[in-house]
Amino acid sequence: MDAGAAASRDFVTRSTNILSTVSAFWALLLAAIFLWDIVGREAFDQPFLGTHEIVGNSIVGILFLELPSTIKRGAMLRTVFVFNAVSPLGRRVIDSASYTLGIVLFLAIIFGGWDAMIVSWETGEIEGAGAFEVPIAPVRTLIVLFGAVCVLVYAQLLFLAACGRLTPRPA
Amino acid sequence: MLAPDLVLIVILAALIALVVAGLHIGIVLGIVSLVGTWLLFGDLTITLELANQSAYAVLRNSVFAAIPLFVLMGEFMSKSGMAADLYRIADYFLRRLPGRLAVATVFGNAVFAAVTGVSIASAMTFSRVAYPEMRRFGYDRSYALGSIAGSASLGMLIPPSVLLIVWGIVIEHSIGKLFLAGFIPGIILALLMGVYCVVRAAARPALAPAPTGRDDKPPTGRETVSGLGVVVLILLVLGGLFVGLFTPSESAAVGCAGAIFFAGIKGLGWRGWREAVIEAGKTIAPIMFLLMTAAMYAKFLALGNIIQIIQDLIAGLGLTGFWVTVLMIAIWLAMGTLIDSISIILLTVPIFWPLAEAAGWDPYAFAIFGILAIEAGLLTPPFGLLVYTVKGAVPDPSVTLKDIFSGSIPYWLLMLVVMAVVWLWPVTATVLTR
């Protein structure tokens, strides 16, 4: 592997790990929001308004921040009996097919969500009513943005597999 | 545009071929659903809208928060060593029984199952703690390993359970009631497993020699804190849920906070804390991604009226409800040997549940029946996931997969027995849901 490719892989690994850590702590924050709501509701008759809106949008955020690292680590769920039985070249072919279809799927998510994201910013789309309103545009943007990061990570893996620089071991 | 029945054949064939070949299951689910939708309607806008809706709308429901929070709770409990302490407490109180260390493994797993939502963490912990202890006192290797792998399956049946949450999301029924439905069959299975350990050890004492010269000390202060912690967490999480104080997501949040509190008391430092959160993140994302793409698959099935086509096919074959159920069991047991449990639920339940409903199944009894069949698959060759987990975690490289598989067979049979109980007497699962 040349130095440029190694540096790029290292950069991608580090960046996706940071996103993954942010995502994991975001999940922990959800517990705090629920607790605030429960204690407020049961003890002081003052629930935390907007719990469901914040939590719902957070789940999408948590997933899309974690996905690049999951892809990079090769942690997507799969069956392994054929994968483990074939030659290293066979495993490269199977992984390359996964990466290619992954690129297509995330491109579909990006193109499918693009117009809705633009409209959401233009119209100031909100969720919730009355005392608590959550803007929707950020979460739509997050899907498109980190969908694009997933495409880039898959493209990098595909490039490395195609060049023979990434030979997957049996899972 | 193609006829829906032709699209069904093409898509199901592609789905099976690509999953078996080892492509990422979530990616395959998403792609075949999008391609299937495009073949049905010949319209790229509808296809892209399916991708957009699944990514944006499906997961934005607070019920999904229960999954990351229960996983976080389990990670904190594992990292703080509470499962190991539970094992030692169970061992002390069961000290007069034959095969006490194996029975302690089963009951330790059963109690730990009531505070965690996944099987793998239990299998890893008990492999590291219970196996060396059983071997130290001369327990038969296969008998010891079977008790660890077999009883780990209780984690998915006794609430809270991530599998039951996923099942509830797929069939759009109450997750709280599904948890209640798992309770009695879970207790029955745990008791049967415990009885098996005792009877086997009593019949062949060489399998599990009574520990001699062992100083049975009562639980230490540290172990007592763990035991109390687990009791408090069970009361908070399941009690709060069952009396209607919390939703499933809220009870997961309370459990998560409780686990962090007890982990702090037991001295889990910042390093362990950070590891627990990051490890949980790694478990959460593949599950949530599968849920997202499975939503594409479910919508594709609905758009193409695929369920009706399959129901017509079954009716054309003249299969009765009994044989439909037998067919489903066979498919689940076969898939269970190859694919992880959540993928199996997401692939099969959208199709199986309407068939089961038509065959007269109660939704809650059917869920428990299905979870048992899928979990049984995790113990069977060639690729029982729990067996591989135990193999990877036991601190003894001489252990073979054959040792674990052969020790697990009785537990697999006991799971089939409980399946038969739920099938013949669905009331065992439904009585608490009424």
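Helices here are DSSP runs of H or I with at least four residues, and strands are runs of E with at least two, numbered from the N terminus. The exercises below concern a predicted model.

**Exercise 1. Describe the secondary structure of chain A and the order of its elements.**

Step 1. Count the elements: chain A has five helices and two strands.

Step 2. Put them in order. Starting at the N terminus, the elements of chain A follow the pattern α-α-α-α-β-β-α. In this pattern the two strands follow one another, and a helix comes after them.

**Exercise 2. Characterise the burial, contacts and surface of chain A.**

Step 1. Chain A has 171 residues, and 47% of these count as buried.

Step 2. Take the contacts in chain A between residues at least 6 apart in sequence: 72% of them join residues at least 24 apart.

Step 3. The exposed area of chain A is about 7,900 Å², with 69% of it supplied by carbon and sulfur atoms.

**Exercise 3. Work out what lines the second largest pocket.**

Step 1. The volume of this pocket is about 630 Å³.

Step 2. Its lining consists of 25 residues; Leu12(B), Ile16(B), Ile331(B), Ile351(B) and Phe352(B) are the ones nearest the centre.

Step 3. Assign the lining to elements. Those giving two or more residues are helix 1 (4-21), helix 14 (306-317), helix 15 (321-336) and helix 16 (341-358), which belong to chain B. Helix 1 of chain B contributes the most, namely six residues.

Step 4. Sort the lining by class: 23 residues are nonpolar, two are polar and none is charged.

**Exercise 4. Classify two cysteines, Cys163(A) and Cys256(B), by accessibility, and state how many disulfides the structure holds.**

Step 1. The cut-offs are under 20% relative accessible area for buried and over 50% for exposed, with partly exposed in between.

Step 2. Cys163(A) has a relative accessibility of 40%, so this residue counts as partly exposed.

Step 3. Cys256(B) has a relative accessible area of 0% and is therefore buried.

Step 4. A disulfide is a covalent bond joining the sulfur atoms of two cysteines. Over all chains, the structure holds zero disulfides.

**Exercise 5. Place Ala365(B) in its surroundings.**

Step 1. Ala365(B) lies in helix 17 of chain B, which covers residues 363-377.

Step 2. The relative accessible area of Ala365(B) is 0%, so this alanine is buried.

Step 3. Set aside the neighbours within four places in sequence. Ala365(B) then has contacts with Val422(B), Pro426(B), Ala429(B) and Thr430(B).

Step 4. For a separation in the chain, take Lys79(B): Ala365(B) and Lys79(B) are 286 residues apart in sequence, and their C-alpha atoms are 34 Å apart in space.

Key. Residues numbered from 1 in each chain as written. Chains lettered and ligands numbered in written order. Predicted model: local features only at pLDDT ≥ 70, side-chain atom pairs only at ≥ 80, totals over all residues. Heavy atoms only, no water. Buried < 20%, exposed > 50% of the residue type's maximum accessible area, 1.4 Å probe, protein only. Contact = heavy atoms within 4.5 Å. Areas by Shrake-Rupley, 256 points an atom, 1.4 Å probe, with all protein chains shown as cover. 1 Å grid on protein atoms, 1.4 Å probe; cavity = no way out; pocket = protein on both sides within 12 Å on 5 of 7 lines; lining within 4 Å. Points joined across faces, edges and corners; volume = space filled by probe spheres on them. Nonpolar A, V, L, I, M, F, W, Y, C, P; charged D, E, K, R; others polar. Disulfide = S-S within 2.5 Å.
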